[in-house]
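Grab your viewer and work through these exercises with the model open. Each one sets a small task and then walks through the solution.

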Amino acid sequence: MTARSAPSFDIGLDNGRTVKEIVEVAQATEHAGFETIWIAEQHFRRGVFTIAAAVAESTSSVGIGFGVLSPFIRHPASVTMELTSLTERYGDRFKLGYGVAHHGSSRLGTIPANQVTGLRDAAIATRTLLGGGTAYQGAQLASRPPPVPMYLGSMGPQSLRMSAAHYDGALLGVMCSPTFIASRAELIDAALARAGRSRDEYQLGALVLTGVADSPSQARDAVRPSVAYYLAEIPDVSPRLAGTDVSRDDLLAVRAQILEAKATDGVEAASALLPDDLVDRLAVAGTADDVAQRLARLADAGLDRVVAHHALDSEAVAALGAALADRAKAPAHG
């Protein structure tokens with residue numbers, strides 16, 4: 001087996017924060033030495049292309065990823081136009097993620113009958129247009145931007161197999177166990193071999209709910225609302241927790257309690273219902289050194305790109321960046 005290169009560690013946020021807050025975290029992300037900041041698009045919140053421009057204007061080199069956009073809401077032709085403008089102004093700093101985005105697409109009624117085919121066609125059209133070719137009845141971009149790596153935001157076997165032929169990588173969602181990550185890495189390796197591609201040409205990443213603080217309890221409290229949010233949004237996360245002792249029945253019972261509390265008293269009240277042991281299984285929370293160690297273990301399960309997602313502020317980003325840098329400098333043992 002070919003040795004894998006060292007994994008990349010990134011930061012991820014969604015567009016629920018203000019543009020000012022996201023810019024501040026992006027600046028901390030760059031200063032701390034992370035490679036990329038990923039901006040997730042939750043629909044009916046702030047527009048991610050405007051956020052990306054503000055981040056690019058306020059930083060100099062950190063990569064900026066869209067993780068992810070729905071090509072069923074934002075037409076690929078429109079996406080390529082935005083990418084062309086961004087790269088023309090700010091250079092070769094962008095990564096594009098496509099995914100179904102069930103939360104927004106289901107409300108807008110834009111999910112196609114065959115999601116895998118739709119995601120494949122979006123990748124083909126986007127790559128064609130960015131490469132100077134024609135699509136959509138001969139349409140062509142007025143200028144040709146530099147190549148933009150494309151990632152598929154997905155968990156399903158069919159879509160991940162498709163991504164091996166048409167994408168540069170994939171981003172798994174939150175709350176994935178090491179066993180689940182390893183199973184998806186194995187699936188992708190087989191699909192890449194069938195597509196005649198090397199593993200070096202493809203990056204498997206995952207979004208990891210992450211809390212960093214001076215004590216484990218403070219870190220849990222920082223990430224707890226994020227865990228409650230995603231448990232409420234995702235109907236059943238139990239398949240992602242393969243190899244753990246978390247039962248599906250217990251998860252669904254907690255989710256029902258969270259949904260009820262959220263409807264009446266809001267997310268903070270809902271998050272208070274989460275027991276500490278469940279937070280520890282669904283998120284990575286602790287001191288910066290502990291979190292760096294746990295993120296490295298997830299990378300060892302098969303990830304090329306680990307995205308500490310959703311809950312970190314500028315101070316936590318700086319602490320985590322320092323801890324990861326110290327790990328990288330430490331001599332290997334064994």
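**Exercise 1. Decide whether His 310 is buried or exposed, then place it and look at its backbone.**

Step 1: His 310 comes out at 14% relative accessibility, so it counts as buried (under 20% relative accessible area is buried, over 50% exposed, in between partly exposed, with a 1.4 Å probe and protein chains only).

Step 2: you'll find His 310 in the loop between strand S9 (305-309) and helix H13 (314-329). Helices (H or I, at least four residues) and strands (E, at least two) are DSSP runs, numbered from the N terminus.

Step 3: phi of His 310 is near 90°, which is positive although the residue isn't glycine.

Some housekeeping: this is a predicted model, where local features need pLDDT of at least 70 and side-chain atom pairs count only at pLDDT 80 or more, while totals for chains, interfaces and linings use all residues. Residues are numbered from 1 along each chain as its sequence is written, and side-chain values use heavy atoms, with hydrogens and water left out.

**Exercise 2. Work out where Phe 44 sits and whether it is buried or exposed.**

Step 1: Phe 44 belongs to the loop between S2 and H2.

Step 2: its phi is near 75°, again a positive value in a residue other than glycine.

Step 3: the relative accessibility of Phe 44 is 58%, so this residue counts as exposed.

**Exercise 3. Find the cis peptide bond that leads into Val 68.**

Step 1: go to strand S3, where Val 68 is found.

Step 2: check omega from Gly 67 to Val 68; the angle is near 5°, and the bond is cis.

**Exercise 4. How many aromatic pairs does a search of the whole structure find, and what geometry does the pair of Trp 38 and Tyr 151 have?**

Step 1: the search turns up four aromatic pairs. Rings of Phe, Tyr and Trp (its six-membered ring) pair if their centres lie within 6.5 Å; planes under 30 degrees apart are stacked, over 60 edge-to-face, the rest tilted.

Step 2: Trp 38 and Tyr 151 have ring centres 5.3 Å apart and planes at 85°, so this pair is edge-to-face.

Step 3: Trp 38 is in strand S2 (residues 36-40) and Tyr 151 in strand S5 (residues 150-153), so the pair ties together parts 113 residues apart in sequence. Trp 38 and Tyr 151 are both buried.

Step 4: now try Phe 49 and Phe 66, a tilted pair with 5.0 Å centre to centre and 55° between the planes. Phe 49 lies in helix H2 (residues 48-58) and Phe 66 in strand S3 (residues 63-69), so this pair links parts 17 residues apart in sequence.

Step 5: Phe 49 and Phe 66 are both buried, and together with Phe 94 they form one aromatic cluster.

**Exercise 5. Map the surroundings of Arg 199.**

Step 1: Arg 199 is in the loop between helix H7 (178-194) and strand S7 (203-212).

Step 2: with a relative accessible area of 18%, Arg 199 is buried.

Step 3: its side chain makes a polar contact of 2.7 Å with that of Asp 189 (a pair of N or O atoms within 3.5 Å; within protein, one must be able to donate a hydrogen and the other to accept it, and residues adjacent in sequence count only if both atoms are side-chain atoms).

Step 4: setting aside neighbours within four places in sequence, Arg 199 is in contact (heavy atoms within 4.5 Å) with Ala 185, Asp 189, Leu 192, Leu 204, Gly 302 and Asp 304.

**Exercise 6. Explore the loop that holds Ser 238 and Val 246.**

Step 1: the loop in question runs between helix H8 (216-233) and helix H9 (248-265), and Val 246 lies in it. Ser 238 is found there too, between H8 and H9.

Step 2: Ser 238 is buried at a relative accessible area of 16%, and Val 246 counts as buried at 17% relative accessibility.

Step 3: the side chain of Ser 238 makes a polar contact with the side chain of Asp 236 (2.6 Å). Beyond neighbours within four places in sequence, Ser 238 is in contact with Arg 248 and Leu 251.

Step 4: on the same terms, Val 246 is in contact with Leu 241, Leu 251, Leu 278 and Arg 281. The C-alpha atoms of Val 246 and Arg 281 are 8.0 Å apart, with their positions 35 residues apart along the chain.
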